[in-house]
Amino acid sequence: MQRLSTYPSKKGLPPVPRRDLGFQGSKVTLGVPWPLCLENLPLQYVHAMLFALEEINHSTTLLPGVKLGYHIRDSCALHPWAMQAALSLVGGDSPSCDQPVPLIIGGSSSIAAKILCSILGPLSVPLMSYTSSCPCLSDRQKFPNFFRTMPSDIYQARAIAQLAMRFNWTWIGAVVANNDYGHMAVKVFQEETQGKGVCLAFVKTLQRENIVSDARSAALTIQASTATVILIFSWYTDVRELFLQLDKINVTDRQFLASEAWSTSGNLLQSLVTSRVASGVLGVAIRSSPIPGFENYLKSLNPSRHPEDEFLKEFWENEFGWTESLEGVQNLFTDTSQLRVTYNVYLAVYAAAHALHSLLSCPNKDNSSTCSSPKNIKPIELLQRLDIVNFTTPQGELLYFDGADVPAKYDLVNWQANPDGSQKLVLIGRVDGFDLQLNESAIQWSTGSNQVPVSVCSEGCPPGTRKANRKGEPICCFDCIPCADGEISNKTGSLHCDRCPLEFWSNVKRTACVRHQLDFLSFNETLGITLTTVAASGAAVTTAVFVVFICYHQTPMVRANNSELSFLLLVSLKLCFLCSLVFIGRPSAWACRFQQAAFGISFVLCVSCLQVKTIVVLAAFRSARPGAGALMKWFGPNQQRGSVCLFTCIQVIICIIWLSLSPPEPQADLDIPGLQVTLKCAMASVVGFSLVLGYIGLLACTCLLLAFLARKLPDNFNEAKLITFSMLIFCAVWIAFVPAYVSSPGKYAVAVEIFAILASSYGLLLCIFAPKCFIILLRPEKNTKKHLMGR
């Protein structure tokens, strides 16, 4: 039998409606303070509980022989009413209550749950909430008697953070309620994204008492911010005001992330303002699940069949008038397409039933002390059973309590446009604990397309660059600095550039390390062609002079000063010109050894000839003095040949020792940065090379000194003058060579050495042989012994 009555009010409060249900046989009564106030959904929650009770009471396996009853109190979302109703239920202060209720299903908000827990805690009466989501209620020290079928808000904040990281949104604005609900969301979101490159561009709070001004301020901040993705953690009425303010300033291009408090709000979905401002909303919602048979149960309800149910009767008259049946009626009360809080209520009833079943079961029938009687249930015993309850719901879902909480499960929903311009709610994924399952292709974004919106403070640095944080700004705001030469970054958003290995260098885009390109002075490039031409010309001119001297070998100009040394000098000069060609081309082990030996020996041979010529000039003039006639005996042709051979052999010995012990080897010059590195002949022994150059320099300086001393000896054609000028040029060239060679990079150092060889060779050739050829070819009248000897 059902009957409706009111509980006498206290302290001037309106009477609290109640409904009791009596059963024959054993009965356990549950207390339920509901915030009904004749609204559609809360009344649906009530009937979800009644439907669950009917299923349980007709079950042959769950609580057999025991019937569940209930007492309903309408708190109308007023905390004093909820307190009054809870006290009356646990105290048995009701004409229809033959015993206090052992468990209360209620606490429609986190604040209400805290208040009820503080009252019921000392009595150890369990409180089962279906919507309280504050993480604070998970504290078993403060709320040891609290349970809920609604997940903690921590999990939905984590889910939203996972969405932000999944879609690479690094610059997000946040608008949150100015209470624990909003502040907790910001804190958890920042903790979850810490070190993941996600930043909050701003955080604006909405205070219920100042909602218009706060919403206007938040709207202006959203408009001014570069963040295109906005997270909103607030109640749907606050969000409605925010959308009104955004519509006034025509902000319609933002992508909103919704918390469960408004992601499924029908009032927002059906609003024209919302459709203009907030299309494509992506949100976390309380998980939905079908309850088989519940839709038919609701549609079968009728006040005529339940005349004692004043709640249903009054609600029916307000909503449906005199409609005889709910068949075909479209209403939130009859809508079972997405049962969310309703399903939480359904689970709460089943959790209580399974805890009672565990408590009332008698595994040892011979020992009745282990069993509790339905008429003598102690709340603390039921509380202990709830802590260990573990069962499978009729929908096949495993349910248990981890402290106060059930496993966190959510739906991921998306607001999508209908053809008529309205919006509908589409399920696009689910959250199970930390596991996020999402059908990205099913999402319709704020842009109206399947293209994921971009929300960043700074565009990701492309490969070849690195991030450089801006001073005083969040880490999401940065500049992209190109990698330095020899460094690379091969992925987007690199924090630093990596240096290439020694044998490699960065490519032009600084995205990969490539092997050095070997560079050397080749015959194919302009510089190589020029030097080759100059060297070949020098060799050709020397050959021409040689031919002239052979043709005029009987003339005094050729025979003067030992014609044999002149021919040997021309041969050595030709070798000097030709040895420069060995320095051009790709260096090899044998080329490196041969070029230095050829260079050193050729120049020593050349300078030795000049030095002997100078000595002969000095000896000839000294022998003309009284008592010095025998001097020329020591500088005859054989002695001259021997002297040249001796001076040259010393250089040969130096070269042999140097090239045997530590020869130059072809080696890439990695000291000079760049993609192209010079392949050069590296001097393994600087001492050996210094000895070669030093010996040439010693001979040149000695020759210059002797020639300078003999320059004024009486003669129309004193060869010492020519040698003096030639050695001055020779020494000047090689003195200038040293700093130029050291400071020249890569292959240009080789070019400097070739230039020094060619310049000094041309200097010797022109200074010594040009005047002779001029007389031989153009002034033959002066090519006489008389003219040469007379003065």
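**Close-up 1. Aspartate 519 and its partner across the strands.** In this predicted model, aspartate 519 lies opposite threonine 678, a residue of strand 26. The two strands concerned, strand 24 and strand 26 (residues 676-682), run in the parallel sense and are paired over three bridges.

**Close-up 2. The open sheet of three strands.** Strands 24, 26 and 25 form an open sheet in the order 24-26-25, and the pairing within this sheet is mixed. Strand 24 (517-519) and strand 25 (665-668) each have a single partner strand and stand at the edges, so one side of each has no neighbour in the sheet. From one strand to the next, the twist averages 35°.

**Close-up 3. Helix 14 and the helices it packs against.** Helix 14 (residues 526-551) has 26 residues, which at 1.5 Å a residue should span 38 Å, and the 37 Å between its end C-alpha atoms agrees with that expectation. Its buried residues are Gly528, Leu531, Ala535, Gly538, Ala539, Thr542, Val545, Val548 and Phe549. An α-helix has 3.6 residues a turn, so residues three or four places apart point the same way. The buried residues of helix 14 pack against helix 15 (556-559), helix 16 (563-579) and helix 21 (747-778).

**Close-up 4. The protein around these details.** The protein has 791 residues, of which 51% are buried, and its secondary structure comprises 22 helices and 26 strands. Among contacts with a separation of 6 or more, 69% join residues 24 or more positions apart. The accessible surface comes to about 36,000 Å², and carbon and sulfur atoms account for 58% of that surface.

Note on methods:
Residues are numbered from 1 along each chain as its sequence is written. This is a predicted model: local features need pLDDT of at least 70, side-chain atom pairs count only at pLDDT 80 or more; totals for chains, interfaces and linings use all residues. Side-chain values use heavy atoms; hydrogens and water are left out. Helices (H or I, at least four residues) and strands (E, at least two) are DSSP runs, numbered from the N terminus. Buried means under 20% relative accessible area, exposed over 50%, partly exposed in between (1.4 Å probe, protein chains only). Contact means heavy atoms within 4.5 Å. Accessible areas come from the Shrake-Rupley method with a 1.4 Å probe; for residues, only the protein chains shown count as cover. Two strands pair if DSSP finds at least two bridges between them. Axes are lines fitted to C-alpha atoms, for helices over the stretch in contact, and angles run from 0 to 180 degrees between N-to-C directions. The expected span of a helix is 1.5 Å times one less than its number of residues.
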